[in-house]
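This briefing is addressed to readers who wish to examine one molecular model alongside its sequence. Please keep both in view while reading.

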Amino acid sequence: MEKLILPNGLEVSNVALGAMNFGTTTSKEDAFAVLDAYIDMGGNFIDTSNNYAHWQGTGDESETLLGEYFESRKCRDKIVLATKVGFDRHGEGQGLRKEQIEYWIDESLRKLKTDYIDLYYAHTDDITTPLEETMEAFHSLVEKGKVRHLGGSNYDTWRFAEANSVAKTPFTVMQQWFTYLQAKGDVAPQYIFNEYTTRERLRYLEAKNIPLVAYSCLAKGGYEVPERLPEELVAGTRLETLKNMAKEKGVTASALAVAWMVNLHRCDGFPRVIPLFGSSNVEHFVSNLKGAEISLTDEELKLLNNA
Ligand SMILES: NC(=O)c1ccc[n+]([C@@H]2O[C@H](COP(=O)([O-])OP(=O)(O)OC[C@H]3O[C@@H](n4cnc5c(N)ncnc54)[C@H](OP(=O)(O)O)[C@@H]3O)[C@@H](O)[C@H]2O)c1
């Protein structure tokens, strides 16, 4: 897997591993196997949150499992570790007030068995707290050495830009829902936080040289199992084009979607996109990861873009 140096200086693999279900619906044994496979193939960019996966458990499981993994494999220093703060977990944790950020960073460090986080995300906007308070609290974590870099997730683009305009340490990475398929028009999303990435957002990121970490980028399994395709996405000719090209290349449609995202920065109007996905199944995971190695021709990119 290729390594990239991000504009903030972090050196990461071109695909990130999502640990959201590790320790809840994905057993420890399966999670360790996926983590081992990812690192063996050159991966180093791991994503979790202080609330994963609270809808299946307490919200401590993913970070706790990763802490155990780093200890067992003695590999923390080889990993670029991202976690998040700001979403609810059983009635606690929602928001980005100073005292919340200060409390949850220490919880994350304890569970992850580490004394620093490489990339700390605001998981979602908090419109009830002044941006100045939030960004100052994050900045002070950087000054204390608990956090190296900041990211923002699930912000409206204009709020992300406003946060950065008041920040001493700005968000240098954005994490947002993005995949090959497009969303069904500008409708209200099911949850306000999970707004799909628009062309305007992409152009903003390109202009500011901010990479996009793309979550739910495998359409939640919908490229392989049609019933899993989120209803917000349009299948149509775009899905057909992806599946036909994948068949010609002898890879899965998920792997080709990964390849498209990895190659997309070569096209005008697109930022660097880092696909973020996990799996409970090593075979699925490794076959999807193969997409990171596929170099698409200009003609192939054009065909996929114009479908
Ligand atoms: N910032 C945010 O608000 C936010 C929101 C959501 C997610 N995330 C991050 O993004 C990561 C990934 O997101 P996600 O889990 O929502 O979506 P995703 O990566 O689009 O989809 C994951 C699903 O795809 C399935 N899948 C993959 N390959 C398959 C195959 N060959 N056959 C059948 N199913 C297959 C997996 O099932 P199997 O387990 O069976 O392979 C899994 O259920 C998370 O781990 C988390 O780190 C962030």
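The points below cover the ligand shell, the nonpolar core, a helix pair and some local backbone features.

The model is predicted. Its largest nonpolar core has 85 residues, and helix 8 (residues 253-263) gives the most to this core. The shell around the ligand holds 26 residues.

**Ligand surroundings**

- Gly18, Met20, Tyr215, Gly221 and Phe277 come nearest to the ligand among the 26 residues around it.
- Two elements, strand 10 (273-277) and helix 9 (282-289), each give two or more residues to this shell.
- By class, the shell around the ligand comprises nine nonpolar, 14 polar and three charged residues.

**Nonpolar core and helix 8**

- Within the largest nonpolar core, the residues with the most contacts are Ala214, Cys217, Ala257, Trp260 and Met261.
- Helix 8 supplies nine residues to this core, the most of any element.
- All of helix 8 is buried, 11 of 11 residues, so the helix is largely enclosed by the rest of the structure.
- The buried residues of helix 8 include Ala257, Trp260 and Met261, which are also among the core residues with the most contacts.
- Polar members of helix 8 are buried as well, among them Ser254 and Asn263.
- The packing partners of the buried residues of helix 8 are strand 9, helix 7 (236-249), strand 10, helix 9 and helix 10 (298-306).
- Cys217, leaving aside its neighbours within four places in sequence, is in contact with Phe178, Thr179, Ala257, Met261, Pro275, Leu276 and Phe277.
- Of these partners of Cys217, Ala257 and Met261 belong to the buried residues of helix 8, while Phe277 is one of the residues that come nearest to the ligand.

**Helix 2 and helix 3**

- The axes of helix 2 (residues 61-73) and helix 3 (residues 98-112) come within 7 Å and cross at roughly 45°.
- Because of this crossing angle, helix 2 is oblique to helix 3.
- On the side of helix 2, the contact involves Glu63, Thr64, Leu66 and Gly67, which meet Ser108, Lys111 and Leu112 in helix 3.
- Two nonpolar, three polar and two charged residues make up the contact of helix 2 with helix 3.
- Gly67, located in helix 2, is buried because 20 other C-beta atoms lie within 10 Å.
- Beyond its neighbours within four places in sequence, Gly67 is in contact with Lys111, Leu112 and Lys113.
- The C-alpha atoms of Gly67 and Thr83 are separated by 12 Å, and the two residues are 16 residues apart along the chain.

**Local backbone features**

- The peptide bond from Tyr52 to Ala53 is cis, with omega near -20°.
- Ala53 lies in the loop between strand 4 (45-47) and helix 2.
- Lys113 has a positive phi, near 55°, although it is a residue other than glycine.
- Lys113 is placed in the loop between helix 3 and strand 6 (117-122), and it counts as partly exposed because it has 15 C-beta neighbours inside 10 Å.
- Asn209 likewise has a positive phi near 55° in a residue other than glycine.
- The loop that holds Asn209 runs between helix 6 (199-208) and strand 9 (212-215).
- Asn209 is exposed, since 12 other C-beta atoms lie within 10 Å.

How values were computed: Residues numbered from 1 in each chain as written. Predicted model: local features only at pLDDT ≥ 70, side-chain atom pairs only at ≥ 80, totals over all residues. Near = placed C-beta within 6 Å. Helix = DSSP H or I, 4+ residues; strand = E, 2+ residues; numbered from the N terminus. Axes fitted to C-alpha atoms, helices over the stretch in contact; angles between N-to-C directions. Parallel < 35°, antiparallel > 145°, perpendicular 65-115°, else oblique. Contact = placed C-beta atoms within 7 Å. Core = buried A, V, L, I, M, F, W, Y, C linked by C-beta atoms within 7 Å.
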